[in-house]
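Q: I have a protein model open beside its sequence, and I would like to learn how to read its features step by step. Could we go through them together, beginning with charged side chains?

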Amino acid sequence: MSTLIFFLAKRIQKDTDIANESIRKTREKEKFILESLDIIAKAISQEQCEISEGCIRIRMLIGRSKMLDSKKSDYQVFFKMYEELKDFKTHEKRNELAKQDRMQEDMKRFQIENQYHEQFLMAVTKLHEDVKELL
């Protein structure tokens, strides 16, 4: 009987250790997401990052956060703007575009940035405040 209790206790301890490790990894991932959002928000505020690039990055991260409410009205501009930007070419595909096509995409992107500029910057400020409270 005591052998059975010993093995059960060992099994419970192992399960607890696995659960604790999972919680630790989840916390680390969330902290990484929040810190990344904070860095992007600061870069946008300091004009070190284009609004369109920041929007895409924020949109991808905010949806992965378990601590931020991505449905919050303050954040909807990230999702609206992203929907207008998501089909633009990036990286190698952008470099493969003809100069005129690239210029047309840039003009459209600048137009979208201008359209959302004020609302976007207010949302970035709010995001920065919300993230600071959580970190």
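A: Let us begin with a term: a salt bridge is a side-chain nitrogen of Lys or Arg within 4 Å of a carboxyl oxygen of Asp or Glu. Please keep in mind throughout that this is a predicted model.

Q: How many salt bridges does a search of the whole structure find?

A: The general idea is that side chains of opposite charge can pair when their charged atoms come close. Here, a search of the whole structure gives 13 salt bridges.

Q: Where in the structure do Lys31 and Glu35 lie, and how far apart are they in the helix?

A: Both residues belong to helix α1, which covers residues 2-45, and because they are four residues apart there, about one helical turn separates them. Their side chains meet in a salt bridge with an N to O distance of 3.8 Å. Lys31 is partly exposed, at 48% relative accessibility, and Glu35 is also partly exposed, with a relative accessible area of 34%.

Q: Which parts of the chain does the pair of Asp130 and Lys72 tie together?

A: The side chains of Asp130 and Lys72 meet in a salt bridge of 2.7 Å, N to O. Asp130 lies in helix α5, whereas Lys72 lies in the loop between α2 and α3 (76-85), so the pair ties together parts that are 58 residues apart in sequence. To read the surroundings we need one cut-off, which is that buried means under 20% relative accessible area. Asp130, at 8%, is therefore buried, while Lys72, at 26%, is partly exposed.

Q: What does Glu83 form with Lys86, and which residues are linked in a network of salt bridges?

A: Glu83 forms a salt bridge with Lys86, and their closest N and O atoms are 2.8 Å apart. Glu83 is partly exposed at 43%, and Lys86 is partly exposed at 41%. The network of salt bridges links Glu50, Arg94, Asp106, Arg109 and Glu113.

Q: How many aromatic pairs does the structure hold?

A: The structure holds two aromatic pairs. In one of them, Tyr75 and Phe78 are stacked, with 6.0 Å from centre to centre and 25° between the planes. The other way to read a pair appears in Phe78 and Phe120, whose ring centres are 5.4 Å apart and whose planes stand at 85°, so this pair is edge-to-face. That pair links distant parts of the chain, since Phe78 is in helix α3 and Phe120 is in helix α5, 42 residues apart. Ring pairs thus link Tyr75, Phe78 and Phe120 into a cluster.

Q: Are Tyr75 and Phe78 buried or exposed, and what sits over the ring of Tyr82?

A: Tyr75 and Phe78 are both buried, and Phe120 is buried as well. Over the ring of Tyr82 sits the charged end of Arg59, 4.9 Å from the ring centre.

Q: Which residues lie nearest the centre of the largest pocket?

A: In general, rolling a probe the size of a water molecule over the atoms shows where empty space is left. The largest pocket in this model has a volume of about 310 Å³. Its lining consists of 14 residues, and those nearest its centre are Ser52, Glu53, Lys89, Thr90 and Arg109. The elements that give two or more residues to this lining are α2 (51-62), α4 (91-96) and α5 (99-134), and the largest share, four residues, comes from α2. Sorted by class, the lining has three nonpolar, three polar and eight charged residues. Arg109, one of the residues nearest the pocket centre, also belongs to the network of salt bridges.

Definitions and conventions. Residues are numbered from 1 along each chain as its sequence is written. This is a predicted model: local features need pLDDT of at least 70, side-chain atom pairs count only at pLDDT 80 or more; totals for chains, interfaces and linings use all residues. Side-chain values use heavy atoms; hydrogens and water are left out. On a 1 Å grid over the protein atoms alone, a cavity is a set of points where a 1.4 Å probe fits but cannot get out, and a pocket is an open set with protein on both sides within 12 Å along at least five of seven lines; lining residues have an atom within 4 Å of a point. Grid points are joined across faces, edges and corners, and a volume is the space filled by probe spheres set on the points. Ala, Val, Leu, Ile, Met, Phe, Trp, Tyr, Cys and Pro count as nonpolar, Asp, Glu, Lys and Arg as charged, and the others, Gly among them, as polar. Buried means under 20% relative accessible area, exposed over 50%, partly exposed in between (1.4 Å probe, protein chains only). Rings of Phe, Tyr and Trp (its six-membered ring) pair if their centres lie within 6.5 Å; planes under 30 degrees apart count as stacked, over 60 as edge-to-face and the rest as tilted. A charge sits over a ring if NZ of Lys or CZ of Arg is within 6 Å of the ring centre and within 35 degrees of the ring normal.
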